[in-house]
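User: I'm just starting to learn how to read protein structures, and I'd like a close look at a single part of this one. Could you pick one helix and walk me through how its residues are placed and what they touch?

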Amino acid sequence: MVSKKHLTRTLALKALEQIEQGGAYSNLMLNRLLQGQPDMDKRDKHLMTEIVYGTLQHLRIIDFYLQPLLKKPLNKLDPWVKQLLRLSVYQIHFLDRVPDRAIVHEAVEIAKIKGHRGISGMVNGVLRAYLRSERPSLDTLTNKVERLAIQTSHPTWLVDRWDEQYGYEDTRLICEANNRPPRMTLRVNQLKATREDVMTKLETEGYKVQPSTIVDEGVIVLEGGNVTQSSLFSEGYFTIQDESSMLIPHLLDPQPGMRVLDACAAPGGKTTHLAEYMRDEGQILAVDLHPHKEKLVRENAQRLGTSIVDTLTADARLLQDQTQESFDRILLDAPCSGFGVIRRKPDLKWSKTESDIAQISKVQLELLKKVSPLLKPGGHLVYSTCTIEKEENQSVIGHFLADHTDFHIVPDSERQILPQHFGSDGFYMIKLQRNFGD
């Protein structure tokens, strides 16, 4: 039984162990652990979240600092000892509101509970040596890509790919933006209220907000805590969504009365935005592969009060065999590596590999080939991803168009948003049109 005194860091340690050893997603693991602690103080929940995300975000530079203090490679330590040292160094190096000696003391106490006197002595010795020692210099690294990768805590292979795709300076900006905390943004449900109305009501409830400069229905929440606890959220006046993501329905531009396919719809943020954009007139078929995710789309549509969304659990690659219908607009927000949202999910940069990129680009191309025949001649299809990898974006579109001469790119529709451009998520989007007469 863990005492209340050590609960915050013990749970953070458990989360980090599960993420590295069990392959758990950071956001899902944190949600699960926090839901199991209904009586936990709000500030402790915030600290636990900060420790987990911060340790994952700065993992490589933490290891760079730790390794010289150890007698054997960091990865030879017991997994929980390694994570305890990492989260302790994160707090010492990156947080300033907890005294260093308190961080060391708590790490030693946790080591005594989970291990034995020898391990707690080692943890004590390493952390005290860390406090006494100067940090090793990154200037000893002659390869500038590797130096940037360690300094900003990214895998070298990933920084190397971005260096080839975007050049060194943009890569540096991408890496730095990935380490900045994401801001909370929401999309006003314009079926129910104007942006000004919702902002005024949120300010009345104590939130500090400002309008997005990127998209007309977007609002940035500056202060006031978790806005999903506002009564306006449960009443469907807004949904939480990144500003880059909000641009996609605008690019697709569906009109009221149209029939629209959202081929990979969960959790339904873009689906419901499409319904609002269409003034809830027409029909949207929202498809997702997993039943529990299809349920999320349905629940989101109900909360926001849209009536034109029909949901379906299916593999979008098989839709052509299941329906003879055609659509005026198709959105293919394809599954991807997620490298545009690393600041929200820092574990992605450690769990994905180069072979994952090659594998998922094949799935993306297959999806595009299978859903495109469902588009009416003259209709528009938007392909989008939340990644900045050109192999998943421009290359997929290039391969598709090479085999599908009945489609063309709508001029000036292609957009690659990098995380440093607007402080929003990295996203790729492009609009294709099916030629008339094919």
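Analyst: Happy to! Keep in mind that this is a predicted model. Let's take helix H2, which covers residues 26-35, and start with the residues that are hidden away. The buried residues of H2 are Ser26, Met29, Leu30, Leu33 and Leu34. These five sit on the same side of H2, because they cover an arc of only 125° around its axis. Turn to the other side of H2 and you find Leu28, Arg32 and Gln35, which are exposed. So that you can judge these words yourself: buried stands for under 20% relative accessible area, and exposed for over 50%.

What does the buried side of H2 pack against? Its partners are H1 and helix H3, the latter spanning 42-57.

Let's follow the contact with H1 in more detail. Helix H1 runs over residues 7-21, and it packs with H2 at an angle of about 145°. The axes of the two helices are 10 Å apart, and H1 passes H2 in a right-handed crossing. On the H1 side, the residues taking part are Leu11, Lys14, Ala15, Gln18 and Ile19. They meet Ser26, Met29 and Leu33 of H2. If you sort the residues of this contact by character, you get five nonpolar, two polar and one charged. Try finding Ser26, Met29 and Leu33 in the viewer: they belong to the buried residues of H2 and also to its contact with H1.

While we are at H1, have a look at threonine 8, which has its place in that helix. Is threonine 8 buried or exposed? It counts as buried, because its relative accessibility is 6%. Leaving aside neighbours within four places in sequence, threonine 8 is in contact with Met40, Asp44, Leu47 and Met48.

Now zoom out to see where this part belongs. The protein has 20 helices and twelve strands. Its radius of gyration is 24 Å, close to the 22 Å that the globule rule gives for 438 residues, so the protein is as compact as a globular protein of that length. The C-alpha trace spans about 75 × 50 × 35 Å along the principal axes. Of the 438 residues, 53% are buried. Finally, take the contacts between residues at least 6 apart in sequence: 72% of them join residues at least 24 apart.

Notes. Residues numbered from 1 in each chain as written. Predicted model: local features only at pLDDT ≥ 70, side-chain atom pairs only at ≥ 80, totals over all residues. Heavy atoms only, no water. Axes fitted to C-alpha atoms, helices over the stretch in contact; angles between N-to-C directions. Helix = DSSP H or I, 4+ residues; strand = E, 2+ residues; numbered from the N terminus. Left-handed = near helix turned anticlockwise from the far one by under 90°. Contact = heavy atoms within 4.5 Å. Nonpolar A, V, L, I, M, F, W, Y, C, P; charged D, E, K, R; others polar. Buried < 20%, exposed > 50% of the residue type's maximum accessible area, 1.4 Å probe, protein only. Arc of directions from axis to C-beta. Rg over C-alpha atoms; globule rule 2.2 N^0.38 Å.
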